[in-house]
Amino acid sequence: MPTRRNFIKKTTAATAALAAVPSFGFTILKNNKPEETILGHGDYQYKVHNDWAQISSVRTPLLNCHEMQMDSKGRLIMIGDHPKNNVLIFDKSGKLLDYWGTAYPGGHGLTISNEGGEDFLFLADSGWYLNKTGQWVKHNGRISKTTTDGKVLFDIGHPQTIGVYESGLNFCPTEVAIGPNGDIYVADGYGQDFILQYSYKGEFIRKWGGHDNEDANYNLQNAHGVAIDHRDKNNPMVVCTSRNQQSFKWFTLDGTYVKTLFLPNMQVCRPVFDDINLYAGVCWSQPKEGKTNWKDHTGFVTILEGDTVVSNPGGTAPDYKKGTLQKSYQLENKPILHGHDVCVDEDKNLYICQWNANKTAPIKLERV
């Protein structure tokens with residue numbers, strides 16, 4: 001059966017053969033278009049479009065592009081943390097369709113829930129924002145359920161108000177996932193590292209994670225992301241990022257531990273599921289030699305089939321030895337600075353949101 005990789009090889013060979021044919025007296029004009037950049041490995045390779053987003057740095061300035069999802073209309077909805085605009089809505093060509101919001105200065109997480117044919121947003125304000133003097137300030141965040149044009153339906157506030165957190169504990173949520181029955185799972189990734197489960201009405205049910213559990217499998221270190229894994233339709237599970245452990249952890253819908261997947265040298269953000277694949281931004285890694293800090297550009301993207309890494313756009317090829325994944329590294333030319341989130345469209349193109357990427361817009365990776 002022909003594969004995508006074989007097709008690319010045959011196309012390349014045919015092009016080379018044409019280039020070897022004599023010109024017989026006429027001249028072929030050189031194409032001065034910039035050289036294309038291809039990232040990724042195996043059947044998951046992508047052409048990079050750094051200028052995909054058509055936006056004005058004056059009208060719609062960006063700080064950090066945190067997360068993006070596609071709604072039922074095919075629009076790409078992004079959340080960021082610039083004080084002048086929190087939510088930007090694009091079409092797939094990169095045209096800006098709408099933007100709104102100044103109430104989420106710590107805008108970090110965005111999840112779309114389709115309820116009865118209507119899309120709703122769950123927005124996570126992490127509590128970290130840039131003040132007027134350019135200093136990062138930490139306050140308590142919140143979760144909001146809104147319409148796609150920004151009307152707030154309800155908020156989930158500090159767990160202290162319902163006796164779930166003790167006085168003085170920060171609540172700095174980074175992500176939301178929506179369960180099959182509408183339950184809301186909140187990752188307090190910059191606060192206490194708990195996963196907090198609420199009903200679809202915002203009523204508290206339970207929490208798990210945090211630190212210092214008797215069973216260390218329940219510990220989460222920077223519970224940055226949370227998602228629902230529907231790949232086994234008969235057994236959906238909650239998947240939590242434990243970023244400082246370079247891991248994803250699977251739990252049942254009621255919080256019982258199932259398994260851990262360790263991804264060496266990848267400080268991953270939220271898991272994004274599409275068909276058999278798991279995609280994730282890698283916000284940080286470490287170089288082969290020396291050490292870097294959290295401000296240095298060290299990220300890329302990773303792609304898995306099941307539990308197996310098959311491609312690392314912006315990073316080195318995945319390497320397994322005796323079934324064990326070895327460390328992956330960012331490419332030396334740093335085509336991706338900090339992978340923070342991945343959005344997948346119906347053509348399997350990727351849209352990469354980046355943190356700390358010099359105030360740039362999301363980039364598009366076109367599947368080849």
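This passage describes confidence, strand pairing, nonpolar cores and one strand residue in a predicted model.

The predicted protein averages a pLDDT of 92. Of its residues, 91% score at least 70. Residues 1–31 are another matter. Over this stretch, pLDDT stays under 50. The model has 6 contacts for residues 1–31 beyond four places in sequence.

Strand E8 covers residues 118–125. Of its 8 residues, 7 are buried, so E8 is largely enclosed by the rest of the structure. Two strands pair with E8, as follows. Strand E7 (residues 107–115) runs antiparallel to E8, and 8 bridges join the two. Within this pairing, threonine 111 has phenylalanine 122 in E8 as its bridge partner. E7 and E8 form a hairpin, with 2 residues between the strands. Glycine 116 lies in the turn and has a positive phi of about 65°. Strand E11 (residues 142–147) also pairs with E8 in the antiparallel sense, over 6 bridges. Here leucine 123 stands opposite serine 144 in E11.

The nonpolar cores were examined next. The largest has 17 residues. Those with the most contacts inside this core are Phe248, Trp250, Leu263, Met266, Val268 and Leu278. At least two residues of the core come from each of four strands: E18 (237–242), E19 (247–251), E23 (277–284) and E24 (300–305). E23 gives the most, with 3 residues. A second core is separate from the largest one and has 15 residues. Among its members are Tyr279, Val342, Ile352 and Leu365.

Methionine 70 was considered individually. This residue belongs to strand E3, which covers residues 65–70. Its relative accessibility is 27%. Methionine 70 therefore counts as partly exposed, because that class lies between the cut-offs of 20% for buried and 50% for exposed. Beyond residues up to four places away in sequence, methionine 70 touches Arg75, Leu76, Lys92 and Ile112, among others. Its contacts also include Cys343, Val344, Asp345 and Glu346. Of these partners, Ile112 falls within the span of E7 (residues 107–115). Aspartate 345 is 275 residues from methionine 70 in sequence. In space, the C-alpha atoms of methionine 70 and aspartate 345 are 7.1 Å apart.

Terms used: Residues are numbered from 1 along each chain as its sequence is written. This is a predicted model: local features need pLDDT of at least 70, side-chain atom pairs count only at pLDDT 80 or more; totals for chains, interfaces and linings use all residues. Side-chain values use heavy atoms; hydrogens and water are left out. Buried means under 20% relative accessible area, exposed over 50%, partly exposed in between (1.4 Å probe, protein chains only). Contact means heavy atoms within 4.5 Å. A nonpolar core is a set of buried Ala, Val, Leu, Ile, Met, Phe, Trp, Tyr and Cys residues joined through side-chain atoms within 4.5 Å. pLDDT is the predictor's confidence in each residue, from 0 to 100. Two strands pair if DSSP finds at least two bridges between them.
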